[in-house]
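Colleague: I've got a model open and I'm not sure how to read it. Could you walk me through it?

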Amino acid sequence: DGDSYGDNATGTDPDACPGTAGNSTIDRLGCIDTDGDGVSDLNDAFPDDSTRTTDSDMDGFDDVEDDCPSTFGNSVNGSLGCFDADQDSWADANDSFPLDSTQWNDTDGDGFGDNASGVLADDCPSIAGNSTSDTNGCLDTDGDSWSDSGDLFISDPTEWADNDSDGFGDNSDV
């Protein structure tokens with residue numbers, strides 16, 4: 001085939017592809033190496049990219065750049081090429097909500113997500129809170145589920161509203 005590698009399989013520098021001229025030098029001698037990186041196209045995960053050659057887990061990320069080279073994954077945020085169960089592009093190891101594709105971060109750690117348009121969005125993302133009735137994740141001093149900003153009685157867990165403005169909570173009016 002004229003590629004300077006001999007046809008004798010037991011000779012010096014034997015041609016691994018004797019019927020085809022090639023320029024591979026790393027994995028097999030004398031086989032086609034389209035990108036010229038030395039690895040034959042047969043064993044090159046990226047035959048058209050001379051800067052990348054190996055993808056052990058076959059996820060499309062070169063082993064050098066892949067943060068999880070032995071585990072198939074498609075994450076591109078947090079860690080590249082790692083498993084992402086909810087397919088939101090964040091690696092599960094860096095995702096506060098690995099099973100919710102609408103949320104991935106929880107800055108204040110209160111269980112409500114920072115993405116305002118996601119499920120269970122935190123209305124107070126920089127302050128940990130436990131409110132759930134009028135807002136999610138805002139401070140609720142008395143633990144009645146109403147945020148302090150929406151609770152007229154922030155020290156009384158049995159009252160939060162006074163619709164008739166008589167100074168007594170609506171629950172005690174019943």
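Modeller: Let's go through overall shape, then disulfides, then one tryptophan. Keep in mind that this is a predicted model.

Colleague: How many helices and strands does the chain have?

Modeller: The count is zero helices and zero strands.

Colleague: What radius of gyration does the chain have, and what would a compact globule of 174 residues have?

Modeller: The chain has 31 Å, while a compact globule of 174 residues would be near 16 Å. Along the principal axes, the C-alpha atoms fill a box of roughly 100 × 20 × 20 Å. Contacts add to that picture: of those between residues at least 6 apart in sequence, 2% join residues at least 24 apart.

Colleague: On to the cysteines. How many disulfides are there?

Modeller: A disulfide is a covalent bond between the sulfur atoms of two cysteines. Here there are three disulfides, and they follow the pattern 1-2, 3-4, 5-6 when bonded cysteines are counted along the chain. C17 pairs with C31, C68 with C82, and C124 with C138.

Colleague: Which hand does the C17 and C31 disulfide have?

Modeller: Its S-S torsion is about 95°, so the disulfide is right-handed. The link of C68 and C82 is right-handed too, with 90° about the S-S bond.

Colleague: Is C82 buried or exposed?

Modeller: Buried means under 20% relative accessible area. C82 has 6%, so it is buried, whereas its partner C68, at 22%, is partly exposed.

Colleague: And what does W104 touch beyond its sequence neighbours within four places?

Modeller: Its contacts include W90, F97 and N115. W104 itself is partly exposed, at 29% relative accessible area.

Key. Residues are numbered from 1 along each chain as its sequence is written. This is a predicted model: local features need pLDDT of at least 70, side-chain atom pairs count only at pLDDT 80 or more; totals for chains, interfaces and linings use all residues. Side-chain values use heavy atoms; hydrogens and water are left out. Buried means under 20% relative accessible area, exposed over 50%, partly exposed in between (1.4 Å probe, protein chains only). Contact means heavy atoms within 4.5 Å. Helices (H or I, at least four residues) and strands (E, at least two) are DSSP runs, numbered from the N terminus. The radius of gyration is taken over C-alpha atoms; the globule rule is 2.2 Å times the number of residues to the power 0.38. A disulfide is a pair of cysteine sulfur atoms within 2.5 Å.
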